[in-house]
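Got your viewer open and a selection tool handy? Let's walk through a few stops together, picking residues as we go.

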Amino acid sequence: MKKIIPLMLMIWLMPTMLVAQSTGQQQQQSREELERRKKDLQREIDEANEQLKVTKKSTKESLGQLRALRDKITLRSRLINNINEEINFINGDINTAYRDVKTLQKDLDTLKAQYAQLVVYAYKNRSSYDMMNFVFSAQNFNDAVKRFQYLKQYREYRRRQADNILTTQEQLNQKIQNLESQRVRRSDALKTEQEQRATLETDKKEKDEVLSKLKGREKELVADINQRNKDAQKVQAAIRAVIRREIEEARRKAIEEETARRKAAEEKRRRDEEARKAAALAAAEKARAAAAANNANNNNTAANTPAPEKAAPVPVKPAPAPEPEKTVSRTESVLEATPEALALSESFEANRGKLPWPVDAGNIIEHFGIHQHAVMEHIQVPSDGIVIATNKGGAVKSIFEGEVRSVVVMPGSGYVIIIRHGQYFTTYVRLQTTRVKKGDNVKTGQVIGTASVNDLENSGEVELQIWKGSTKQNPELWIRRR
């Protein structure tokens, strides 16, 4: 029974221990996640500051400055939230440490009180004569041994009590030091949070100033929006023309291959039909010869037997009807007509969300789809892809292996390169120079040109578009996150 009770106590306490351990692990993971997010946010803020420095070199305010300032404000707000979460964790640690200090202080007071009682008792019975008298006053030897063991245990208990007091005192000191350390951490975090808020207010004021000046150039911005829309429509028309040509070419090849296959099947059917007819004629001739030989061998009984009937012709099995011509109902299936194209499409799809960026360094300044203009929020601006700000003349790379299907120069958009990857197409717009030509096979990461220069933004730009057949895709869902 004595062995079962500790086991039952352990089983009863096990869920509580596991919950406490799990909670501790979750808190540790949350702390690590907060620290990682804090470092990532600070890195992105540094990048936004660098971008802002570049755009400020321009002679007048630009959308790039406004975007950089807005990015800084968004990132700094997230950083402040992150710091506040960290402060909440520290407050929790301080409360826990404070409770531990109170508990240890109470335990220490109890141990000291108990030890004081032991010391008083030992002082009153300090004479060795009293100790010996206590042992030898036993009624028998066994009782004397027990009394002696009791005295030994009593001394050991006193020693353990003294050790417990020292250990508890040490734990209490450590908890107090930890509490003070957490308080310092909280003070530093609060100071950092206040500094970030002050910087945030400065960024907001600067953003408002830039926005106010940009709104004073509304006519210029509207003209720029209209021109960019016209250029984008021309680029989109050119891209659709290339994709349409690729579809028609794939369809033509598929029809030619189907026609050739049907001709080969028809020729084989004709040869098989002739072979069957020849076999049938040979079988009929053989049957007539056998009947004639049978007649010659039975001349004496020929008069008494009826004339043999003519051999029935061997039926000729008709050739199977030709298969109906296959029609392709999906654009994608036409572009995946060959095994190579199908394999390339499947490989491209397998890398969704993991494709590399077309530039080594940069950030997205215009997202996919229809969105509000940065200055004139009443104007909706469409985007067929994403625009990435990068270094002036920075290298532009293919994000996947494929074949270059078009290289053209578009007014206002620079060079436009279209690369096919099975049923997918990646388009690189706003290139200053190009290093490939139509028909070239490129590898993932191969340099295909350089980014154009935006003098007003004082930076380089490249636009990336991804198409599945004739359907536009959001490139941010395909390239990896930075």
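Start by selecting P382 and showing its neighbours: leaving aside residues up to four places away in sequence, P382 touches N229, E366, G369 and I370. Here a contact means heavy atoms within 4.5 Å. This is a predicted model, in which local features need pLDDT of at least 70 and side-chain atom pairs count only at pLDDT 80 or more, while totals for chains, interfaces and linings use all residues. Numbering runs from 1 along each chain as its sequence is written, and side-chain values use heavy atoms, with hydrogens and water left out.

Stay on P382 for a moment. The loop that holds P382 runs between β3 (380-381) and β4 (386-390); helices (H or I, at least four residues) and strands (E, at least two) are DSSP runs, numbered from the N terminus. Is P382 buried or exposed? Neither, quite: P382 has 44% relative accessibility, so it counts as partly exposed. The cut-offs are under 20% relative accessible area for buried, over 50% for exposed, and partly exposed in between, using a 1.4 Å probe and protein chains only. Now add H371 to the selection: its C-alpha atom is 6.5 Å from that of P382, and the two residues are eleven apart along the chain.

Next, the charged pairs. Side chains of opposite charge can pair when their charged atoms come close. How many salt bridges does a search of the whole structure find? The count is 23, where a salt bridge is a side-chain nitrogen of Lys or Arg within 4 Å of a carboxyl oxygen of Asp or Glu.

Select R420 and E246. Their closest N and O atoms are 3.2 Å apart, in a salt bridge. This one links distant parts of the chain, with R420 in strand β7 (residues 414-421) and E246 in helix α5 (residues 218-297), 174 residues apart. R420 is buried at 16% relative accessibility, and E246 is buried at 5%.

Move along helix α5 to E273 and R276, whose side chains form a salt bridge at 3.1 Å, N to O. Why about one helical turn between them? Because E273 and R276 are three residues apart in helix α5. E273 is buried, at 16%, whereas R276 is partly exposed, at 29%.

Last stop: E461 and R430, a salt bridge with its closest N and O atoms 3.0 Å apart. E461 sits in strand β11 (residues 459-468) and R430 in strand β8 (residues 424-434), 31 residues apart. Both E461 and R430 are buried. Finish by adding R228 and E463, since salt bridges link R228, R430, E461 and E463 in a network.
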